[in-house]
Amino acid sequence: KGISDDIEIIPAHCMTSWFGAFGSKSGFDSLRDCFKDKVNKIYAIESGMSADPQMLWRLKENVNVVSFSDAHSYWPYRLGREATIFNFKDLSYKNIIKAIRTEIGLKGTLEVFPEYGKYHLDGHRNCDFSCDYKESMKLSKICPKCKKELTIGVEYRIEELAKEKKGYKPENAKEVIEVIPLHELISAVYDIKQLGSKKIWDVYNLLINKFGSEFNVLLNVSEDKLKEIIHEKLVRVILLNREGKLEINPGFDGVYGSIVLDEKDRLKEQKSLSEF
């Protein structure tokens with residue numbers, strides 16, 4: 001801020017266990033704890049993948065909630081998984097900063113379901129153990145397998161810090177849209193674990209070349225139009241995702257959550273695109 005007041009500082013993935021401002025390992029229970037007398041320079045917090053605005057509203061920190069994604073990742077499918085929606089035509093730096101600081105032009109966020117994030121539940125990845133916050137409390141935060149302290153996730157941490165009950169919504173609450181990224185949907189349907197595989201990219205690029213953008217495919221394109229170029233099983237999963245009806249096995253201790261599909265929803269035979 002000594003260089004320029006136009007520089008904006010936003011705590012990223014604010015609930016992440018090890019590096020988030022509110023994380024269980026951070027040592028801070030509030031923005032004031034973290035930023036002291038400079039807390040009035042913090043206008044927004046970034047939700048990260050393991051939390052969403054509905055969870056953060058309960059903290060009553062009186063800041064805007066924004067959402068971004070991994071601009072630092074070298075994996076293309078990590079880009080744009082979450083985003084902030086602005087409501088103005090001139091996408092200038094000053095307008096973006098003004099929206100973040102004042103809410104004027106800040107429409108909402110595009111999020112993944114927080115269960116998909118890597119630190120949603122408590123657990124130990126090396127022990128292949130995870131549990132929700134209620135079970136973790138019964139265990140006194142101790143892993144039943146190795147007897148060491150669990151990595152405490154976002155769900156538990158929210159319950160520790162929340163000033164409001166689950167379901168609280170402030171008057172100035174912004175729009176929240178939650179969907180799992182397209183690569184993960186294709187991966188689940190085709191039962192391919194490597195998100196960068198040629199098969200997944202082929203299907204992904206087919207959709208993007210036809211419909212323009214990933215969010216357009218996830219949120220807007222009709223069922224009939226989707227069925228013209230991709231298998232009906234993938235169409236079904238895209239629609240379930242859009243409606244918030246996908247079952248997700250929650251992430252924990254650095255392990256991403258995963259989509260749970262019945263065998264009937266999977267494509268075991270790796271058919272060519274021409275068959276669709």
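**Exercises on helix α6**

**Exercise 1.** Find which residues of α6 are buried.

Solution. Step one: the buried residues of α6 turn out to be Leu182, His183, Glu184, Leu185, Ile186, Ser187, Ala188, Val189 and Tyr190. Buried here means under 20% relative accessible area, with exposed over 50% and partly exposed in between (1.4 Å probe, protein chains only). Helices are DSSP runs of H or I with at least four residues, strands are runs of E with at least two, and both are numbered from the N terminus.

Step two: nine of the nine residues of α6 (residues 182–190) are buried, so this helix is largely enclosed by the rest of the structure.

A word on the model: it's predicted, with local features needing pLDDT of at least 70 and side-chain atom pairs pLDDT 80 or more, while totals for chains, interfaces and linings use all residues. Residues are numbered from 1 along each chain as its sequence is written, and side-chain values use heavy atoms, leaving out hydrogens and water.

**Exercise 2.** Work out what the buried residues of α6 pack against, and what follows α6.

Solution. Take contact as heavy atoms within 4.5 Å. The partners are then α7 (198–211), α8 (214–219), α10 (232–242) and β9 (258–260). Next along the chain after α6 comes Asp191, with a positive phi near 55 degrees.

**Exercise 3.** Put α6 in context: how many helices and strands does the protein have, and what share of its residues is buried?

Solution. Count ten helices and nine strands. Then, of the 276 residues, 48% are buried. Finally, among contacts with a separation of 6 or more, 63% join residues 24 or more positions apart.
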